[in-house]
Amino acid sequence: MDQVFVIGDIHGEYEMFQQVLKYFQPEKQQLVLIGDLNDRGPKSKDCWLLGMELVEKYQAVYLRGNHEQYFLEFMEKPEDWFPSYLYNGGKETIESLLHKGATDEYSPTEIAMMIRSRYRSLVSFLSERPFYYEWGDYLFVHAGIDLTKNWKETSEFDFLWIREPFHEGKNRTGKTIVFGHTITPMLYGDMQTTSLWESDGKIGIDGGAVFGGSLHGVVFDTKGIVQDYELPNEHGPWQPDF
């Protein structure tokens, strides 16, 4: 493939996901999803099923994000993870997989059992998602890498969760590292700039769509950014209802 088309954190914003995919050209682009398709937004289930379909149909690379991980941890130990998962947007994911009000009706264990029995293939698909993808001189990863060691030795936790030590550390990898996870308004430090963030061979592409920001679909070739499709969130930010 001559190019990579990478999509930032979607967080259940299914309509925006569909909209940005209109720019994807499968005949010449490798599709990469940077992770966090679920939680907070209203349609995690639809986003996940579309993610699975894109992997199947176009051999898309769907990277594991910390929110996919959150969901998997909840599925493994529902009673332990339930409160923090709900607080971080898991309530919307559970309701999209089951039904509205499910988190009040059933115990965490019952919820996990129902999800596992109805969505067995989805759960195993999520547990197989890779932590990074290399393409020439580019490295695509959800949160970042440990810049103090050989990047391949980065812990799974850091691939999914790292913030400042990666953003502020010196990039000596010789690679351009494309990442999501930390919204660009936070990287800019003004809580409003949603455009791509670039510094020291690192490119942040999470425009904070679910928080009322924007979703990026970015096209790269071997020389750099070819195109950035930035879609604004038209219906406002996620509001937790608890």
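Select W48, Y70, F71, F74, W81, F82, Y85, F157 and W161: together they form one aromatic cluster. You are looking at a predicted model, and this cluster is the first stop of the tour.

**The whole chain**

Zoom out. The chain has 10 helices and 10 strands. Its C-alpha atoms fill a box of roughly 50 × 40 × 35 Å along the principal axes. The radius of gyration is 17 Å, which agrees with the value near 18 Å for a compact globule of 242 residues. Of those 242 residues, 58% are buried.

Now colour residues 4–185. An unreviewed UniProt entry annotates this stretch as "domain: Calcineurin-like phosphoesterase". Over residues 4–185 the chain is 49% helix and 13% strand. The C-alpha atoms at the two ends of the stretch are 24 Å apart.

**Strands β1 and β2**

Select residues 3–7, which are strand β1, and residues 29–33, which are strand β2. The two run parallel, joined by five bridges. Pick V6 to see one meeting point: V6 stands opposite V32 in β2.

How many of the five residues of β2 are buried? Five of the five are. Show their side chains. In a regular strand, side chains alternate between the two faces of the sheet. In β2, Q29, L31 and L33 point one way. Q30 and V32 point the other way. Residues on both sides are buried.

**The loop after β2**

Move on to D39. This residue is found in the loop between β2 and α2, the helix at 44–58. D39 is not a glycine, yet its phi is positive, at about 75 degrees. Is D39 buried or exposed? D39 counts as buried because its relative accessibility is 0%, and the cut-off for buried is under 20%.

**The five-stranded sheet**

Next, show strands β4 to β8. Five strands make an open sheet in the order β4-β5-β6-β8-β7, with mixed pairing. Which strands lie at the edges? They are β4 (132–135) and β7 (197–199), and each pairs on one side only. Neighbouring strands of this sheet are turned by 15 degrees against each other on average, direction ignored.

Strands of a sheet pair through backbone hydrogen bonds, either parallel or antiparallel. Select β5 (residues 138–141) and β6 (residues 176–179) for a parallel case, with four bridges. Click Y138 in this pairing: its bridge partner in β6 is T176.

**Aromatic pairs around the sheet**

The structure holds 24 aromatic pairs. Two of them are worth a stop here. Start with Y132 and F159, a tilted pair. Their centres are 5.5 Å apart, with 35 degrees between the planes. The pair links distant parts of the chain. Y132 belongs to strand β4 and F159 to helix α8 (residues 156–161), 27 residues apart. Y132 is partly exposed, because its relative accessible area is 30%. F159 counts as buried, at 4% relative accessibility.

Then take F166 and F179. What is the angle between the planes of this pair? The angle is 90 degrees, and the pair is edge-to-face, at 5.0 Å centre to centre. F166 sits in helix α9 (residues 164–168) and F179 in strand β6. They are 13 residues apart and also link distant parts of the chain. Both F166 and F179 are buried.

**Charges over rings**

Stay on F166 and add K202. The charged end of K202 sits over the ring of F166, 5.5 Å from its centre. For a second case, select R129 and F125. R129 lies over the face of F125, at 3.8 Å from the ring centre.

**Last stop: D200**

Finish at D200. This residue lies in the loop between β7 and β8, the strand at 202–204. D200 is not a glycine, but has a positive phi of about 50 degrees. How does D200 count in terms of exposure, and why? D200 is partly exposed, because its relative accessible area is 32%. Go back to D39 for the contrast: that residue, at 0%, counts as buried.

Conventions. Residues are numbered from 1 along each chain as its sequence is written. This is a predicted model: local features need pLDDT of at least 70, side-chain atom pairs count only at pLDDT 80 or more; totals for chains, interfaces and linings use all residues. Side-chain values use heavy atoms; hydrogens and water are left out. Two strands pair if DSSP finds at least two bridges between them. Axes are lines fitted to C-alpha atoms, for helices over the stretch in contact, and angles run from 0 to 180 degrees between N-to-C directions. Rings of Phe, Tyr and Trp (its six-membered ring) pair if their centres lie within 6.5 Å; planes under 30 degrees apart count as stacked, over 60 as edge-to-face and the rest as tilted. Buried means under 20% relative accessible area, exposed over 50%, partly exposed in between (1.4 Å probe, protein chains only). A charge sits over a ring if NZ of Lys or CZ of Arg is within 6 Å of the ring centre and within 35 degrees of the ring normal. UniProt positions are given in the numbering used here, feature names are shortened, and annotations may be inferred rather than shown by experiment. The radius of gyration is taken over C-alpha atoms; the globule rule is 2.2 Å times the number of residues to the power 0.38.
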